[in-house]
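Reader: I'm a first-year student, and I would like a close look at one part of this model. Could you walk me through the place where the two chains meet?

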2 protein chains.
Amino acid sequence: MTSDNKPSIVFIGAGNLASSLAAALFNADCRILQVFSRSIESAQLLANKFGASYTNVLPNINIDADFYFICIPDKAIQRVVNELVNPKGIVVHTSGSTDISVLSRFDNHGVFYPFQTFSKGRIIPFDVIPICVSANNDDTFNKLYNLASLISKRVLPMNSETRSWLHLSGVIANNFTNHLLALSYQLSVEKGFSFELLKPLVLETAQKAFEGNPSDSQTGPAVRFDESTINLHIDKLKEYAPELADIYKALTLSIQSLNKNKR
Amino acid sequence: MTSDNKPSIVFIGAGNLASSLAAALFNADCRILQVFSRSIESAQLLANKFGASYTNVLPNINIDADFYFICIPDKAIQRVVNELVNPKGIVVHTSGSTDISVLSRFDNHGVFYPFQTFSKGRIIPFDVIPICVSANNDDTFNKLYNLASLISKRVLPMNSETRSWLHLSGVIANNFTNHLLALSYQLSVEKGFSFELLKPLVLETAQKAFEGNPSDSQTGPAVRFDESTINLHIDKLKEYAPELADIYKALTLSIQSLNKNKR
């Protein structure tokens with residue numbers, strides 16, 4: 001801890017996740033000590049929000065912080081780990097799919113994985129976001145658990161294997177659904193209806209999904225095995241965008257395979 | 001109109017859509033005159049909620065109603081149309097993908113398409129649901145528009161071609177996203193994490209999608225062109241469920257194709 005007993009934190013990375021996390025921790029009375037980014041502009045921009053120092057030179061990182069948050073793309077983690085001096089504080093990464101073992105050269109290390117999608121400039125309440133925590137020893141785990149509890153009511157221990165499946169389910173439930181919405185948006189622009197018309201439908205889909213197994217509330221031509229509507233749709237899409245027709249077919253088959261008993 | 005000036009309605013079909021629509025119209029002071037269903041139990045169950053008569057014999061349908069709502073699967077519409085006596089009132093179907101012309105043997109006919117997913121026993125506020133209306137003449141259109149306006153603040157004229165694209169976008173944005181959530185649910189059960197953890201993520205995805213083009217807020221390994229995470233996921237899924245690996249690949253390719261400029 002620094003002299004005033006506030007947890008002090010160095011951020012390695014200055015992207016969407018680092019920005020959201022730093023803001024939440026700062027608001028929970030943590031001290032953001034320093035921001036590192038390969039881009040000095042990004043480092044400075046984020047650091048200035050919290051009166052922190054900044055650098056784009058990894059060996060210049062302050063080694064007196066309580067926590068080091070690595071918030072960078074998975075493929076860049078190993079290189080940063082190799083270049084980082086072993087600090088006194090706890091080093092964590094924030095990735096869903098990278099194993100904790102990548103940090104094993106640090107005495108005290110762990111994973112601090114907030115399970116949410118973060119976009120630039122979008123402020124979302126952190127307190128409902130699940131934070132999955134693991135560490136290489138009990139003391140480190142407790143410190144990470146306590147830190148996470150400052151910003152979220154939903155902190156839970158999770159090992160790397162389960163976390164990687166959770167991350168994969170997030171890719172399916174967020175990245176892929178968002179892309180389907182993007183494809184619908186494109187359709188709306190090109191076929192002349194307002195995308196806003198889909199809002200009640202999409203919000204209802206999201207709400208309803210958490211009242212049980214979403215498969216139980218599956219509707220539409222696929223689960224009705226309504227082959228004439230399905231073929232009509234595939235024909236329309238083949239003309240409009242053949243790649244979308246393939247996605248339509250694959251998802252329809254998958255729905256029918258999960259619901260064969262309803263035939 | 002019946003003697004008391006309430007619009008009177010006969011429902012042909014007693015499924016989820018008919019149930020929701022009949023309840024909304026009943027609450028808006030319409031008279032539900034009769035319910036037809038091939039299953040007499042379903043007809044009776046729905047009719048009893050509104051003090052309506054019921055039948056499973058199409059020629060027994062009351063011919064004095066103001067409106068006839070055909071709420072049955074697309075493939076069954078033509079047969080019902082063939083068997084139905086030409087009534088004085090307006091005959092509508094409620095399908096997203098069937099052309100209005102299927103009803104051309106009726107003097108006054110139209111389409112009344114509420115754009116939402118309806119599930120048994122789930123009550124959702126009707127007033128925000130878009131209702132797309134079309135008709136074969138102005139007088140019929142006006143009557144349908146006024147009827148729809150009793151239950152929704154979002155009534156709009158829409159021709160069959162645009163409606164079929166809107167329906168297709170609904171299949172993509174609701175049926176397919178719901179199925180992806182069902183696959184995530186299955187993963188959560190089999191890999192030992194709580195599906196509830198996905199709730200903030202999924203609600204945020206749905207909310208964020210309507211703040212612009214959802215493609216602008218696409219996140220995840222596909223749009224980052226993070227091939228090592230993508231391959232890790234595909235390997236995991238190949239072992240877990242090969243069919244899911246194919247969906248993963250197809251959607252990842254589609255995301256990357258829509259976002260090639262971000263590479």
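Author: Happy to help; here is a walk through the contact between the chains, beginning with how the copies are arranged.

This is a predicted model, in which local features need pLDDT of at least 70 and side-chain atom pairs count only at pLDDT 80 or more, while totals for chains, interfaces and linings use all residues. Residues are numbered from 1 along each chain as its sequence is written, and chains are lettered from A and ligands numbered from 1 in the order in which they are written.

Chain B can be superposed on chain A by a rotation of 180° with 0.0 Å of shift along the axis, giving an RMSD of 0.0 Å (the fit is by least squares on the C-alpha atoms of residues with pLDDT of at least 70 in both copies). The two copies are thus related as by a two-fold rotation axis. Among the residues of chain B, Thr177(B) comes closest to that axis, with its C-alpha at 2.5 Å. The same surface serves both copies, as 100% of the contact residues of chain B recur in chain A. Here, two residues are in contact if their C-beta atoms, placed from the backbone, lie within 7 Å.

Now to the contact itself. Chain B and chain A bring 78 residues each. On the side of chain B, helices H3 (74–83), H5 (160–191), H6 (199–209), H7 (227–240) and H8 (242–258) each supply at least two residues (helices are DSSP runs of H or I with at least four residues, numbered from the N terminus). H5(B) gives the most, with 24 residues. By class, this side has 38 nonpolar, 27 polar and 13 charged residues; Ala, Val, Leu, Ile, Met, Phe, Trp, Tyr, Cys and Pro count as nonpolar, Asp, Glu, Lys and Arg as charged, and the others, Gly among them, as polar.

Let's zoom in on one helix pair. The axes of H6(A), residues 199–209, and H5(B) come within 10 Å and cross at roughly 15° (axes are lines fitted to C-alpha atoms, for helices over the stretch in contact, and angles run from 0 to 180 degrees between N-to-C directions). That makes H6(A) roughly parallel to H5(B), a label for angles under 35 degrees. H6(A) contributes Leu201(A), Val202(A), Thr205(A) and Ala209(A), and H5(B) contributes Gly170(B), Ala173(B), Asn174(B), Thr177(B), Asn178(B) and Leu181(B). Five of these residues are nonpolar, five are polar and none is charged. Thr177(B), then, is part of this helix contact as well as the residue of chain B closest to the rotation axis.

Conventions
Parallel < 35°, antiparallel > 145°, perpendicular 65-115°, else oblique.
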